Amino acid sequence: MKKNYFWGVFLILAGAYLVVSQMGYLPSVGTFTLVFTILCLAAIVYSVLHISFGGILFPLAFIGIMYDEPLGITPITPWTILLAALLGTIGLNLLFANRRKSWKKIKGIKKERNEWKQAEKNAKEEDGEKLYFHSVFGGIIRYVTSTNFQQAVVDSKFSGMKLYFDNAQIPSGRAVITMNATFSGVELYVPRQWKVVNQLNSPFSGVTEKNKHAEDVTAELILEGENPFSGVTIYYV
């Protein structure tokens with residue numbers, strides 16, 4: 001949302017500058033040159049926010065090429081300034097590679113934390129024999145409190161899910177979860193007295209179990225369906 005505000009304001013100001021400059025209130029600049037300059041400045045601002053050295057240096061080089069005469073740098077355009085931008089990009093990436101990785105990692109952690117904070121606000125209890133969990137480009141948390149859990153469908157696209165079954169009961173001794181997860185991460189928290197039977201079709205994916213189920217198994221939880229490019233983690237609690 002903040003990014004949309006930023007680009008919205010930037011484009012409005014750019015449009016205003018374009019109109020004012022063509023009315024003669026500012027130094028005369030060709031329309032194409034002006035539009036291209038605005039795009040380069042937008043690329044620079046975006047690259048600064050995302051620490052992309054190439055995205056900073058190359059737009060600066062293009063601006064230098066367009067305004068080489070007023071700036072008095074005609075002898076070094078275009079190839080010298082482009083080569084300098086290339087060498088500068090490579091050098092800065094080598095010098096600050098670790099810091100860029102750390103910054104991106106920290107940013108990713110903050111983003112994930114904010115997403116799950118929002119998911120926790122929307123956490124709900126689910127009670128019923130047959131349940132349906134759905135999420136697209138988001139994250140959800142659900143607490144299953146059913147006393148006669150039989151079946152659930154997990155439909156997740158580019159999302160994260162945390163499903164807590166530790167307070168659910170399976171009187172029949174067998175329940176089924178049908179998985180339809182793509183580019184997602186699904187976490188299932190189940191009682192230690194349950195045994196999870198994995199029948200998932202998992203291309204480019206994995207199913208991981210944390211801890212172990214108890215020896216005195218009271219129910220089986222069957223996982224079926226597909227989870228391409230997704231991870232499923234089972235926690236015995």
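A residue is called buried here when its relative accessible area is under 20%. This cut-off is a handy starting point for reading the predicted model, in which 32% of the 237 residues of the protein count as buried.

The overall make-up can be stated briefly. Six helices and eleven strands form the secondary structure of the protein. Among contacts with a separation of 6 or more, 57% join residues that lie 24 or more positions apart. The protein exposes about 14,700 Å², and 60% of this area is supplied by carbon and sulfur atoms.

Strand β5 offers a good place to look at burial in detail. This strand spans residues 160–164 and is mostly covered, with five of its five residues buried. The residues of β5 point in two directions: Gly-160, Lys-162 and Tyr-164 point one way, while Met-161 and Leu-163 point the other way. Residues of both sets are buried, Lys-162 and Tyr-164 as well as Met-161 and Leu-163.

The pairing of β5 can be described next. Strand β3, which covers residues 139–144, pairs with β5 in the parallel sense over five bridges. Within this pairing, Ile-141 has Lys-162 of β5 as its bridge partner. Strand β7, made up of residues 185–190, also pairs with β5, again in the parallel sense and over five bridges. Here Gly-160 finds its bridge partner in Gly-185 of β7. Two of the buried residues of β5, Gly-160 and Lys-162, which point the same way from the strand, thus appear in these bridges, Lys-162 with Ile-141 and Gly-160 with Gly-185.

Methods: Residues numbered from 1 in each chain as written. Predicted model: local features only at pLDDT ≥ 70, side-chain atom pairs only at ≥ 80, totals over all residues. Heavy atoms only, no water. Helix = DSSP H or I, 4+ residues; strand = E, 2+ residues; numbered from the N terminus. Buried < 20%, exposed > 50% of the residue type's maximum accessible area, 1.4 Å probe, protein only. Contact = heavy atoms within 4.5 Å. Areas by Shrake-Rupley, 256 points an atom, 1.4 Å probe, with all protein chains shown as cover. Pairing = 2+ DSSP bridges.
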